[in-house]
Amino acid sequence: QALDSIASEAVLLQAAVAGARVIFDEVKLRAPVGDATYERKGAPHAPGTLRDSILIAYDKEVSVPGKLASYIVTWSKDAFYGRFLEYGTSKLSARPFLRPSYEAKKNEAAAAVDAVIQTKAGELTNVK
């Protein structure tokens, strides 16, 4: 019964979020920040809009309830241009920040996932 609780969807979600949070924090640190305010559709956008638009989103397409919880670190629609910076365009060289963040922190993210699972296992089996 304790094993079922450890493998519950709630624990999977908590563990996946813990891993995503590590990547999220690194992406926010590495996200390029412009040096000037620009206007789009009549609204001013201050430097740091991309950085401030970074978010963690649950990936329904990849996730399997009760078996696999997948989260992605991405940006909101306000910062649609993040893809142009990450991958470049015909006129703009790539300035990747997502992939380097993942590469730098993937082991730490995996450790965060493992730590949540180990903590829950300890709580549910009374092992500390």
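Which residues of α5 are buried? Let me answer that straight away. They are Leu98, Ser101, Ala109, Ala112, Val116, Ala121 and Gly122. One caution before I go on: this is a predicted model.

Stay with α5 for a moment. The helix runs from 98 to 125. It has 28 residues. From first C-alpha to last, α5 reaches 38 Å, close to the 40 Å expected at 1.5 Å a residue. Look at lysine 105, though. A kink of about 60° in α5 is centred there. Then go to the end of the helix. Just after α5 comes asparagine 126, with a positive phi of about 60°.

Now the pockets. The largest pocket holds about 420 Å³ of space. Its lining has 20 residues. Nearest the centre of the largest pocket lie Ile23, Tyr71, Ile72, Val73 and Tyr102. Which element gives the largest share of that lining? It is α5, with seven residues. Other contributors, each with at least two residues, are α2 (9-30), β4 (71-75) and α4 (82-87). What classes of residue make up the lining of the largest pocket? There are 14 nonpolar, three polar and three charged.

On to the second largest pocket. That one has about 210 Å³ of space. Here 15 residues form the lining. Val33, Gly34, Tyr38, Tyr81 and Leu85 lie nearest the centre of the second largest pocket. By class, its lining has nine nonpolar, four polar and two charged residues.

To close, back to α5. Keep two things in mind: the kink centred on lysine 105, and the seven residues α5 gives to the lining of the largest pocket. Thanks.

Technical notes
Residues numbered from 1 in each chain as written. Predicted model: local features only at pLDDT ≥ 70, side-chain atom pairs only at ≥ 80, totals over all residues. Heavy atoms only, no water. 1 Å grid on protein atoms, 1.4 Å probe; cavity = no way out; pocket = protein on both sides within 12 Å on 5 of 7 lines; lining within 4 Å. Points joined across faces, edges and corners; volume = space filled by probe spheres on them. Helix = DSSP H or I, 4+ residues; strand = E, 2+ residues; numbered from the N terminus. Nonpolar A, V, L, I, M, F, W, Y, C, P; charged D, E, K, R; others polar. Expected span 1.5 Å × (residues − 1). Bend = angle between axes of the 7 residues up to and from the residue. Buried < 20%, exposed > 50% of the residue type's maximum accessible area, 1.4 Å probe, protein only.
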